[in-house]
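Visitor: Before we begin, could you take me through this model by question and answer, with the criteria behind each term spelled out as we go?

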Amino acid sequence: MRVLVTGGAGYIGAITAHKLLAAGCTVAVLDNLEKGYRAAVPPGVPFYQADLRQPDSLALPLREFRPEAVVHFAAYSLVGESVQHPGRYFKNNVLGGLHLLEAMAALDCRRILFSSTAAVYGDPARIPVVEDDPTVPTNPYGDSKLAFEKILTAFQRAYGFQAVSLRYFNAAGAWQDLGEDHRPETHLIPLVLEVALGRREQLSIYGDDYDTPDGTAIRDYIHVSDLADAHVRAVEYLAKGQSPPSPLVNGGVFNLGNGAGYSVREVLETARRVTGRAIPAVVAGRRPGDPPRLVAGSKRARQVLGWKPRFPELEAMIADAWAWKQAHPDGYA
Ligand SMILES: NC(=O)c1ccc[n+]([C@@H]2O[C@H](COP(=O)([O-])OP(=O)(O)OC[C@H]3O[C@@H](n4cnc5c(N)ncnc54)[C@H](O)[C@@H]3O)[C@@H](O)[C@H]2O)c1
């Protein structure tokens, strides 16, 4: 299978590109390198530096590489920034994605795997949240991802696209020589480890008065290696011609989480244990729109894709992320 990975120079995309290659796929990467790193792209694969917001720049990679499937990671994903600059998010995540779909349709490439997010659920009414639960995003980032899921559904119906949407919870950890280097960094585990490394003074805990056992917010973390494996399985699922059993809104959506939630304090304590460092922390106010708990029910991915997280323990995720941070204190720079 010839697979084009958009955003394949980014954190999850690069690791997935490596794993797709290892699984026997022929891979090419498309990325504008705004947030990604050329060094993270698997050596030797065709690399197209192109921007999804410029539709003309997509024709060449698609015509030249002729993908049979696209794995679409390229997007902006900072919740706070999306609140301040919603236009940027709709332009990149919705309009950019639409350009990609139109370019694919023009060349008869109709298989797509989309990086969606738990943010589409907003503040879920029940935990663990499952795929058919209501989607009520609480920020423009979640809105932009949900909008693209709806566009995918329309393309499925209109043009026979086979589309799978993978809704991730919080990716964490590192794999081989590849890790997380977001600028700015907003994810809890790398932030905690930057404090451990002495690159930040302290960790801010946003709210300790939630209705949770220790008062801090609970999230579902998933090892990036497990996340990448799920993409390989989903590509294999599409390759077998297994169109999702029903339109995207029902059958083609899969949550990817490990079903266990960890609080901010549990992450902090585990990181203190793993690193042997003190990691000072202060309690700051809640951030608007942060739900108290977000935990995935991923039964569907296990049943339909045959996927099972191999590294569900928080300790393993933090240990791998810590090893990467120590080896790459300045990230890919
Ligand atoms: N990291 C997480 O925990 C998480 C959770 C849920 C969903 N997601 C989704 O997974 C995907 C990947 O996340 P990540 O953490 O690897 O992000 P990332 O920022 O590391 O990677 C995104 C990549 O896309 C590229 N890109 C962005 N806009 C582009 C455009 N217009 N044209 C071409 N390339 C473009 C960037 O340069 C970057 O390399 C995103 O779609 C994100 O919304 C991530």
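Visitor: Which residues are the closest to the ligand, among those that surround it?

Guide: This is a predicted model, in which local features need pLDDT of at least 70 and side-chain atom pairs count only at pLDDT 80 or more, while totals for chains, interfaces and linings use all residues. Residues are numbered from 1 along each chain as its sequence is written. A residue is near a molecule or strand if its C-beta atom, placed from the backbone, lies within 6 Å of it. The ligand is surrounded by 27 residues, and the closest of them are Gly7, Gly10, Gly36, Ala75 and Ser77.

Visitor: Which helix gives the largest share of the shell around the ligand?

Guide: Helices (H or I, at least four residues) and strands (E, at least two) are DSSP runs, numbered from the N terminus. At least two shell residues come from each of helix H1 (11-22), helix H4 (86-106), strand E5 (111-117) and strand E7 (170-172). The largest share, 3 residues, is supplied by H1.

Visitor: How many residues of that shell are nonpolar, polar and charged?

Guide: The classes are set by residue type: Ala, Val, Leu, Ile, Met, Phe, Trp, Tyr, Cys and Pro count as nonpolar, Asp, Glu, Lys and Arg as charged, and the others, Gly among them, as polar. On that basis the shell around the ligand divides into 10 nonpolar, 12 polar and 5 charged residues.

Visitor: Which strands stand at the edges of the open sheet, and why is one side of each left without a neighbour?

Guide: Two strands pair if DSSP finds at least two bridges between them. The open sheet is formed by 7 strands with parallel pairing, in the order E3-E2-E1-E4-E5-E6-E10. Each edge strand has a single partner strand, so one side of each lacks a neighbour in the sheet, and these edge strands are E3 and E10. Direction ignored, neighbouring strands of this sheet are turned against each other on average by 20°.

Visitor: Which residue of E10 is the bridge partner of leucine 166?

Guide: Strand E6 (residues 162-168) pairs with E10 in the parallel sense over 4 bridges. One of the bridge partners in E10 is valine 253, which is matched with serine 165. For leucine 166, the bridge partner in E10 is phenylalanine 254.

Visitor: Which residues of strand E8 point to a face and are buried?

Guide: In a regular strand the side chains alternate between the two faces of the sheet. A residue is buried if 20 or more other C-beta atoms lie within 10 Å of its own, exposed if 12 or fewer, and partly exposed in between, with C-beta atoms placed from the backbone. Strand E10 (residues 253-256) is covered on both faces, since Val253 and Asn255 on one side and Phe254 and Leu256 on the other are all buried. Along strand E8 (residues 203-206), Ser204 and Tyr206 point to one face and are not buried, whereas the buried residues, pointing to the other face, are Leu203 and Ile205.

Visitor: At what angle do H4 and H5 pack, and is their arrangement roughly parallel or oblique?

Guide: Axes are lines fitted to C-alpha atoms, for helices over the stretch in contact, and angles run from 0 to 180 degrees between N-to-C directions. Angles under 35 degrees count as roughly parallel, over 145 as roughly antiparallel, 65 to 115 as roughly perpendicular and the rest as oblique. The axes of H4 and H5 are 9 Å apart and the helices pack at an angle of about 20°. H4 is therefore roughly parallel to H5.

Visitor: How are H2 and H4 arranged, roughly parallel or oblique?

Guide: Helix H2 (residues 56-65) packs with H4 at an angle of about 40°, and their axes are 10 Å apart. H2 and H4 are therefore oblique to each other.

Visitor: Where is proline 184 found?

Guide: Most residues other than glycine have a negative phi, and most peptide bonds are trans. The bond between arginine 183 and proline 184 is a cis peptide bond, with omega about 0°. Proline 184 is in the loop between E7 and H6.

Visitor: Does glutamine 176 count as buried or exposed?

Guide: Glutamine 176, a residue other than glycine, has a positive phi near 50°. Its place is in the loop between E7 and H6. With 11 C-beta neighbours inside 10 Å, glutamine 176 counts as exposed.
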